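The exercises below are meant to be worked through with the sequence and the coordinates at hand. Each one sets a task and is followed by a solution in steps.

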Amino acid sequence: MHGSLSEPNEIVELSVLYDFYGALLKENHRAIFEDYIWHNLSLGEIAGERQITRQGVYDIVRRCRIRLREYEEKLRLVYKFQQTKEKLLKIETLAKQAGIPEIEKEITELAEEIYEII
């Protein structure tokens, strides 16, 4: 499918990492990475479009993958985001179980505000 990207889970993982850290990559690398991950273009198609070698495209994609994973390893923003979402879901569930409509409504509204922030 993608040359070196064989797992759909890896594509999802890299897309999420890119959402968080893509702005930290060089502009040209971002464009190539987007073509590869989001637009599902092959290395050869990107190489032809950008007039660089297929190996050059592969190297850029590989470096982007490494950098995105390094950023997450150091900053852990994706992990913290996922943990926050899980805790918010638990809070909402507990509020519903309490059976007090006013409190449930207020907690749900607060959770939605936090979702927008994160």
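Helix axes are here lines fitted to C-alpha atoms over the stretch in contact, and the angle between two of them runs from 0 to 180 degrees between N-to-C directions. The model to which this is applied is a predicted one.

**Exercise 1.** Determine how the axes of α1 and helix α5 are placed relative to each other, and which residues make the contact.

*Solution.* Step one is the geometry: the axes of α1 and α5, the latter spanning residues 77-98, come within 10 Å and cross at roughly 100 degrees. Step two is the classification: angles of 65 to 115 degrees count as roughly perpendicular, and α1 and α5 are therefore roughly perpendicular to each other. Step three identifies the participants, which are Val16, Leu17, Phe20 and Tyr21 on the α1 side and Leu77, Val78 and Phe81 on the α5 side. Sorted by class, the contact comprises seven nonpolar residues, with no polar and no charged ones.

**Exercise 2.** Describe the buried residues of helix α2 and relate Phe33 to the largest nonpolar core.

*Solution.* Begin with the helix itself: within α2 (residues 27-37), the buried residues are His29, Ile32, Phe33, Asp35, Tyr36 and Ile37, and they pack against α1 (8-21), α3 (43-50) and α4 (54-75). Turn next to the largest nonpolar core, which has 19 residues and in which Phe33, Val57, Val61 and Leu68 have the most contacts; α1, α2, α3 and α4 each contribute at least two residues to this core. Finally, if neighbours within four places in sequence are left aside, Phe33 is in contact with Leu14, Tyr18, Trp38, Val61, Cys64, Arg65 and Leu68.

**Exercise 3.** Decide whether Asp35 and Lys105 are buried or exposed, and describe the surroundings of each.

*Solution.* Take Asp35 to start with, a residue of helix α2. Its relative accessible area is 9%, and since buried means under 20%, Asp35 is buried. Apart from neighbours within four places in sequence, Asp35 is in contact with Asn40, Leu41, Ile46, Glu49 and Arg50.

Lys105 lies in helix α6, residues 101-117. Because the limit for exposed is over 50%, Lys105 counts as exposed at 53% relative accessibility. The Lys105 side chain makes a polar contact of 2.9 Å with the side chain of Glu109. As a last step, consider Ala95, 10 residues away from Lys105 along the chain: the C-alpha atoms of these two residues are separated by 8.4 Å.

How values were computed: Residues are numbered from 1 along each chain as its sequence is written. This is a predicted model: local features need pLDDT of at least 70, side-chain atom pairs count only at pLDDT 80 or more; totals for chains, interfaces and linings use all residues. Side-chain values use heavy atoms; hydrogens and water are left out. Buried means under 20% relative accessible area, exposed over 50%, partly exposed in between (1.4 Å probe, protein chains only). Helices (H or I, at least four residues) and strands (E, at least two) are DSSP runs, numbered from the N terminus. Contact means heavy atoms within 4.5 Å. Angles under 35 degrees count as roughly parallel, over 145 as roughly antiparallel, 65 to 115 as roughly perpendicular and the rest as oblique. Ala, Val, Leu, Ile, Met, Phe, Trp, Tyr, Cys and Pro count as nonpolar, Asp, Glu, Lys and Arg as charged, and the others, Gly among them, as polar. A polar contact is a pair of N or O atoms within 3.5 Å; within protein, one must be able to donate a hydrogen and the other to accept it, and residues adjacent in sequence count only if both atoms are side-chain atoms. A nonpolar core is a set of buried Ala, Val, Leu, Ile, Met, Phe, Trp, Tyr and Cys residues joined through side-chain atoms within 4.5 Å.
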